[in-house]
Amino acid sequence: MIRLELTSMLRRPRTWVTIAMLNALPLVVAILLAVTDLGPRPGTGPPFLSAVLTDGTLFPLAALGIVLPLFLPVAVAVIAGDAIAGEAQAGTLRYLLISPVGRTRLLVAKLASTIAFVLLAVLVVAVAAYVEGRVLLGSADPSGSVTSVSGSTLSQAEMIQRTVVALGYVTVMMLGVAAIALFFSTVTESGVSAALGTVAILIGSTVLLGLDAADVLQPYLPTRYWLAFVDLFRDPIRWDGVLRGLASQGAYLVVFLGAAWANFTTKDINT
Amino acid sequence: MIRTRGLTKRYGALTAVDGLDLDVREGDVYGFLGANGSGKTTTVRMLLGLVLATSGEIELVGRPMPASRASALPHVGALVEGPGAYGHLSGRANLATFDRAASATSRRVRSRRIAETLDQVGLDPSDRRPVRTYSLGMRQRLGLASALLRRPALLVLDEPTNGLDPQGIREIRELLLALNAQGTTIFLSSHLLAEIEQMCTRVGVLDRGRMVLQDDVASLVAPTGRVAVHTPTPEWAAEVLGARVEDVSGPRLVVVSDDAAGVNAELVGAGLRVDEIGPLRVSLEDVVLRASTEHAGARA
Ligand SMILES: Nc1ncnc2c1ncn2[C@@H]1O[C@H](COP(=O)(O)OP(=O)(O)OP(=O)(O)O)[C@@H](O)[C@H]1O
Ligand SMILES: [Mg+2]
């Protein structure tokens with residue numbers, strides 16, 4: 001079942017259209033930067049964006065910073081929100097269940113294909129951005145070393161390691177989103193509602209993060225530590241934000257996947 | 001093949017299915033009749049473990065449901081409230097998906113069986129168009145194909161001929177009867193009495209969630225020991241037949257007799273002309289309507 005889900009996810013045109021759309025904004029940004037040479041002033045705008053003007057190879061990180069606040073979570077919410085609700089809507093859920101696929105197994109297969117989608121999306125964004133950065137923005141330093149966010153110099157090997165860790169971190173953040181969307185997907189029979197519910201939670205979280213009165217809530221909000229991957233490029237690395245981010249997404253994963261499982265395995269399938 | 005005891009489903013205050021005792025035996029073509037909203041689909045969903053019963057027990061192909069769904073369902077093919085398919089895939093690919101989801105058939109066997117089954121239900125196995133472009137009847141046929149694909153011992157079909165043209169209805173009826181002759185037990189729900197009467201060996205009638213009748217069709221519509229006569233001169237015929245005449249209405253007489261040919265000879269011998277004569281049968285429709293109104297009366 002897991003293999004079947006993976007292949008049908010990869011074969012579905014929708015998967016690739018979503019990923020292509022995800023890559024459109026970084027591409028536009030890269031072209032604009034290359035043409036105008038006007039970056040945001042250091043410390044403003046998306047992370048790494050001012051740095052890429054001097055070094056195009058940093059563009060994968062900048063691209064992640066661009067898609068992370070909205071595009072990537074929306075894409076994940078759409079795909080994960082459709083996982084069960086989409087089958088219900090098409091009337092295929094009942095035929096899968098009587099074929100018979102166990103409800104837990106179906107949910108696990110859907111989770112696996114969602115994780116694969118998140119990984120794929122993050123990797124494609126990173127690779128596409130690397131190519132765009134090299135081609136459009138060029139690389140600055142022939143020695144290959146890079147200036148860290150703290151101002152010291154990072155070797156190319158260090159840079160690659162940290163980038164891989166950052167990609168992993170972003171993936172985990174998106175899995176939290178996927179878990180929320182998967183839960184909604186077991187509740188409603190419309191994939192769009194499940195995705196919108198998830199996006200509403202994320203936007204609500206972002207709004208509360210900007211509100212001083214919500215101070216006590218902020219450490220628990222799902223989007224609180226998303227941008228902590230930037231801390232991986234300080235010298236030395238500042239781990240506390242990253243670790244808290246992993247812990248809080250872990251909690252979201254457990255709670256929402258648990259709720260999705262509890263709901264889906266006990267509910268009447270009336271579609 | 002299917003046996004339920006006290007099967008009940010409540011949706012809040014509404015009791016959709018109420019204390020149902022179904023009994024479908026091996027080799028039956030069982031017709032499950034009932035008006036719109038009487039609980040047929042709800043029952044089918046409970047049988048297949050999609051909807052969880054409020055109370056009662058279900059045994060499907062000899063195994064308790066929904067506890068043994070993993071071992072029972074591979075022997076069951078089903079169509080529940082219309083077909084369901086992935087619109088972006090072809091008919092073939094749809095069947096392959098459902099088959100792959102649950103069984104480990106080899107690719108060659110699967111592809112041969114899919115082609116055979118599509119052909120059986122009257123779809124072109126070489127059609128590569130996505131199901132999105134299929135007509136209503138084509139989708140219904142595809143749904144039937146997916147129920148038949150694994151040659152199940154029991155077919156549970158909810159309104160199988162929905163959306164089919166008269167020709168299609170006939171083809172499907174013949175296909176199902178042929179499968180039954182090869183040993184497949186068939187449970188089909190419908191509100192089309194004529195369809196049930198033509199196919200089924202047993203019927204169960206549902207009225208607002210309650211079973212009001214469950215019996216063999218042959219005994220329900222058994223000869224009544226009456227002969228119906230149509231003649232242009234009913235008064236004269238009544239004179240000839242005397243006390244045996246039970247009822248006269250217009251040109252039609254009901255005569256107490258097991259022997260239509262004898263009655264005919266008598267009338268013709270007396271010089272009468274007969275338009276039509278034959279043993280009187282009750283239609284399934286009469287039986288079902290009577291059972292439902294009796295039930296409504298008992299309730300009131
Ligand atoms: N999910 C649900 N929630 C609440 N009530 C429901 C639900 N599903 C069915 N019902 C009710 O249960 C009753 C039986 O419905 P069911 O679909 O089983 O009827 P049916 O016999 O299949 O009718 P039809 O011939 O129209 O298909 C109806 O009154 C319906 O409104
Ligand atoms: Mg129905």
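# Reading an interface, a pocket and some cavities

Guide: Welcome! Let us begin with an empty space inside the protein: H5(B) gives the most to the lining of the second largest cavity, with four residues. Please keep in mind that this is a predicted model.

Visitor: How does one find empty space among so many atoms? What is the volume of that second largest cavity?

Guide: The general idea is simple: rolling a probe the size of a water molecule over the atoms shows where empty space is left. Here, the second largest cavity comes out at about 80 Å³.

Visitor: Which residues line the second largest cavity?

Guide: Chain A appears in the list with Tyr95(A). From chain B come Pro83(B), Gly84(B), Ala85(B), Asn94(B), Leu95(B), Phe98(B), Val131(B), Arg139(B), Leu142(B), Gly143(B) and Ser146(B). The elements of chain B that supply two or more residues to this lining are H3 and H5. Sorted by class, the lining has seven nonpolar, four polar and one charged residues.

Visitor: How many cavities of 30 Å³ or more does the structure hold?

Guide: There are three of them. The largest cavity has a volume of about 210 Å³, and 16 residues line it. Look for Ser99(A), Val76(B), Ser146(B), Ala147(B) and Arg150(B), which lie nearest its centre.

Visitor: Which elements of chain B each supply at least two residues of the lining of the largest cavity?

Guide: They are E7, H3 and helix H5 (136-148). In the lining of the largest cavity, eleven residues are nonpolar, three are polar and two are charged. You have now met Ser146(B) twice: Ser146(B) is among the residues nearest the centre of the largest cavity, and Ser146(B) also lines the second largest one.

Visitor: And the pockets? What is the volume of the largest pocket?

Guide: Its volume is about 970 Å³. The lining consists of 35 residues, and those nearest the centre are Leu4(A), Ser8(A), Arg11(A), Leu89(B) and Thr97(B). In chain A, the elements giving two or more residues to the lining are helix H1 (2-11), helix H4 (71-90) and helix H6 (103-137); in chain B they are H3 and helix H4 (107-120). As for class, 13 lining residues are nonpolar, ten are polar and twelve are charged.

Visitor: Let us turn to the place where the chains meet. How should I read the size of an interface?

Guide: The size of an interface is often given as the accessible area lost when the parts come together. For chain B and chain A, the buried area is about 2,300 Å², with carbon and sulfur atoms giving 53% of it. On the chain B side, Leu50(B), Arg100(B) and Ala101(B) lose the most area to chain A, together 25% of what that side buries.

Visitor: How many residues does each chain bring to the contact?

Guide: Chain B brings 28 residues and chain A brings 25 residues. Between the chains, 16 residue pairs are in polar contact, counting pairs with both residues at pLDDT 80 or more. On the side of chain B that touches chain A, the elements with two or more residues are strand E1 (2-11), helix H2 (69-72), strand E7 (76-79) and helix H3 (91-102). H3(B) gives the most to that side, with five residues. By class, the residues of that side divide into 17 nonpolar, five polar and six charged.

Visitor: How many salt bridges cross the interface of chain B and chain A?

Guide: The rule finds one across this interface, while a search of the whole structure gives 25 over all chains. The one across the interface pairs Lys9(B) with Asp268(A), and their closest N and O atoms are 2.7 Å apart. Lys9(B) lies in strand E1 of chain B and Asp268(A) in the segment after helix H9 (239-266) of chain A, so this pair joins two chains.

Visitor: What about the backbone? Where are the cis peptide bonds you mention in class?

Guide: One cis peptide bond joins Ser99(A) and Pro100(A), with omega about -10°. Pro100(A) sits in the loop between helix H5 (93-97) and H6 of chain A. Another cis bond joins Met65(B) and Pro66(B), with omega about 0°; Pro66(B) is found in the loop between strand E6 (63-65) and H2 of chain B.

Visitor: What is the value of phi at Val61(B)?

Guide: Phi there is near 35°, a positive value in a residue other than glycine. To find Val61(B), follow chain B to the loop between strand E5 (55-60) and E6.

Key. Residues are numbered from 1 along each chain as its sequence is written. Chains are lettered from A and ligands numbered from 1 in the order in which they are written. This is a predicted model: local features need pLDDT of at least 70, side-chain atom pairs count only at pLDDT 80 or more; totals for chains, interfaces and linings use all residues. Side-chain values use heavy atoms; hydrogens and water are left out. Contact means heavy atoms within 4.5 Å. Buried area is the accessible area (1.4 Å probe) that two parts lose on being put together, summed over both. A salt bridge is a side-chain nitrogen of Lys or Arg within 4 Å of a carboxyl oxygen of Asp or Glu. A polar contact is a pair of N or O atoms within 3.5 Å; within protein, one must be able to donate a hydrogen and the other to accept it, and residues adjacent in sequence count only if both atoms are side-chain atoms. Ala, Val, Leu, Ile, Met, Phe, Trp, Tyr, Cys and Pro count as nonpolar, Asp, Glu, Lys and Arg as charged, and the others, Gly among them, as polar. On a 1 Å grid over the protein atoms alone, a cavity is a set of points where a 1.4 Å probe fits but cannot get out, and a pocket is an open set with protein on both sides within 12 Å along at least five of seven lines; lining residues have an atom within 4 Å of a point. Grid points are joined across faces, edges and corners, and a volume is the space filled by probe spheres set on the points.
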